[in-house]
Amino acid sequence: MYYSRLKLASVMGVCLLGLLLCLPNGMRKPFPSVPWRQIHLGLDLRGGSYLLMQVDLKSLTHDRLQTLSETVRDTLLKNNLGYQNITVDADRAEITFLPRTPSETQADIAALADLPRAVPNEFSVSARDGGAIGLTLAPESIRIRAREAVTQSIEIVRRRIDGTGAVDPEITRQGDDRIVVELPGVSDPDRIKALLGTTAKMTFQLVDSNPLHATYPPPGVSLLPMANPADGSPLAVFDHVDVDGSDLTNAGAAIDQQTGEWAVSFSFDSIGTHSFAAVTQANVGKRFAIVLDNKVIEAPVIRTPITGGNGQITGGFDAQRATDLALMLRAGALPAPLSVVEQRTIGPSLGADSIRAGIISLAAGFVLVVVFMVLFYGRFGWYADIALLANLVLMVAILSLFEATLTLPGMAGMLLTLGMAVDANILINERIREEVARGRTPLAAMQAGFERATSTIVDSNATALLAHVMLFVFGTGPVRGFALTITIGIVTTLFTTLLLSRMLMARWYALTRPASLPV
């Protein structure tokens, strides 16, 4: 029960620091020169938009099969083997083709069996009925690619949303192929949906100049529509990607000095610059299509080699479209399209009502606990209430320090924490009562009460801490918000119960030396 000056100063210092960290939450505009941190309000308190988006697995599978089909063609030709009627079927996740002659079937299979795999056992090659050969993706490899695509998409979505100026977005994974996007304060998510619903996969591909292929494209050539239908009919474009948009280092909206229209300027890294220069040097006089999400933005003729690594895209943009396209190009292309599965909008008035109801419930619960402790334990009840208030302050301080997002389940967790903290103080006071009833002196009763209650308090809180840490790690959405505040509350409860309330009792006893205890 002895507290040195250093121990007293440490306990009081922690409490004062917690109070200082809480202050910015009550200010509309904290001092700009001080790096204040505040609690952010979640979607259910602040209002905003909720989007549940799903990765298009069919498109993801089709892109991988398209890449493999080019690899199959190159491999067969390098081995002096021919093929006929090569087709890609994304629904069945397979590539099929006919060998040049039946005698080459085994040679074709042997050549394709050695193709590099992106993941172990990614695909299998086998002969089919009718003499065809099939390359089929394994279901597990598709699931692995889906998980990787979601991980990559989350980062790209975050960069795109940050570029719009949205404040405190919450972007999380749900399952293997879904992403949850919460946008507090955004009541009209149409622009966000447009940004996230666009893959923004830009490629540079040569145009097939054969006029017959514009009607009947051969293998390796695709008819791609124009982004602006007024620009004409679809173009025959070679499937081979000469320059990939992933090699872009920067993009921005600008005004074309010659036409005065909005355009998107871009620049390549060293790899993209080299590829762009090589293609333009070897194909002077040919048309070079700029393709965005399988639509041709424009297809200018290569007049001279472009070796500087810089370029400009025009296409009838207005300021908003040019800015959004530049933003998407800077953020990077999504590995697969995202579709909106569910959308909800919460108005700010509903969020304000939730905040008001949460504060009222928290205040009512706190007042009832205070009254209960004072009525049942007198002076020691007042000390428990002071520790309880300090507990609430420290919880808010830690949430502010980490700039956590507070939700309604989080407020429920704070109220539950206060109840758990009271349980610890009740346990200590009851132990002290038992020791007094046994005839111990006041100091001995206080000492024994704390010693016997401490191990029980630590054990019970440790098990609760482990349970809620698991909830936070494996839970999603509201469950994580609830688990976070409970986890923080358990730590602050141990501090305020075993150190602060004990210090208040010890200092009171040292100053008054009472003949009996008020319990």
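Here is a short walk through two sheets, the helices that lie on them, and a patch on the surface. Keep in mind along the way that this is a predicted model.

Let's begin with the sheet that contains strand E2. Four strands make up this open sheet, in the order E7-E8-E2-E18, and their pairing is antiparallel. At its edges you will find strand E7 (170-174) and strand E18 (338-346), each of which pairs on one side only. On average, neighbouring strands of this sheet are turned by 20° against each other, direction ignored.

Now look inside the sheet, where strand E2 (residues 48-55) and strand E8 (residues 178-184) run antiparallel and are joined by seven bridges. If you would like a landmark for this pairing, find Ser 49, which stands opposite Leu 183 in E8. A helix covers this sheet too: helix H5 (residues 139-164) packs on it and touches E2, E7, E8 and E18. The direction of H5 makes about 170° with that of E7.

Next comes another open sheet, again built from four strands, with the order E3-E4-E6-E5 and antiparallel pairing. Its edge strands are strand E3 (83-89) and strand E5 (123-127), and each of them pairs on one side only. From one strand to the next, the twist averages 15°.

To get your bearings here, follow E5 to its partner, strand E6 (residues 133-137): the two pair in the antiparallel sense over five bridges. Within this pair, Phe 123 stands opposite Leu 137 in E6. Two helices are worth tracing on this sheet. Helix H3 (residues 57-78) lies across E3, strand E4 (94-99), E5 and E6, and runs at about 165° to E3. Helix H4 (residues 105-113) packs on the sheet as well, touching E4, E5 and E6, with a direction that makes about 175° with that of E5.

Finally, let's turn to the surface. Val 367, Val 371, Phe 372, Leu 375 and Phe 376 make a nonpolar surface patch of about 480 Å². One of these residues, Phe 376, is a handy one to pick out, and you can locate it in helix H9 (residues 348-401). Is Phe 376 buried or exposed? The answer lies in between: Phe 376 is partly exposed, with a relative accessible area of 46%. Patch residues need over 30% relative accessible area, so Phe 376, at 46%, passes that cut-off.

Key:
Residues are numbered from 1 along each chain as its sequence is written. This is a predicted model: local features need pLDDT of at least 70, side-chain atom pairs count only at pLDDT 80 or more; totals for chains, interfaces and linings use all residues. Side-chain values use heavy atoms; hydrogens and water are left out. Patches are made of residues with over 30% relative accessible area and no salt bridge: like charges are joined within 9 Å, nonpolar side chains (Val, Leu, Ile, Met, Phe, Trp, Tyr) within 5 Å. Accessible areas come from the Shrake-Rupley method with a 1.4 Å probe; for residues, only the protein chains shown count as cover. A salt bridge is a side-chain nitrogen of Lys or Arg within 4 Å of a carboxyl oxygen of Asp or Glu. Buried means under 20% relative accessible area, exposed over 50%, partly exposed in between (1.4 Å probe, protein chains only). Two strands pair if DSSP finds at least two bridges between them. Axes are lines fitted to C-alpha atoms, for helices over the stretch in contact, and angles run from 0 to 180 degrees between N-to-C directions. Contact means heavy atoms within 4.5 Å.
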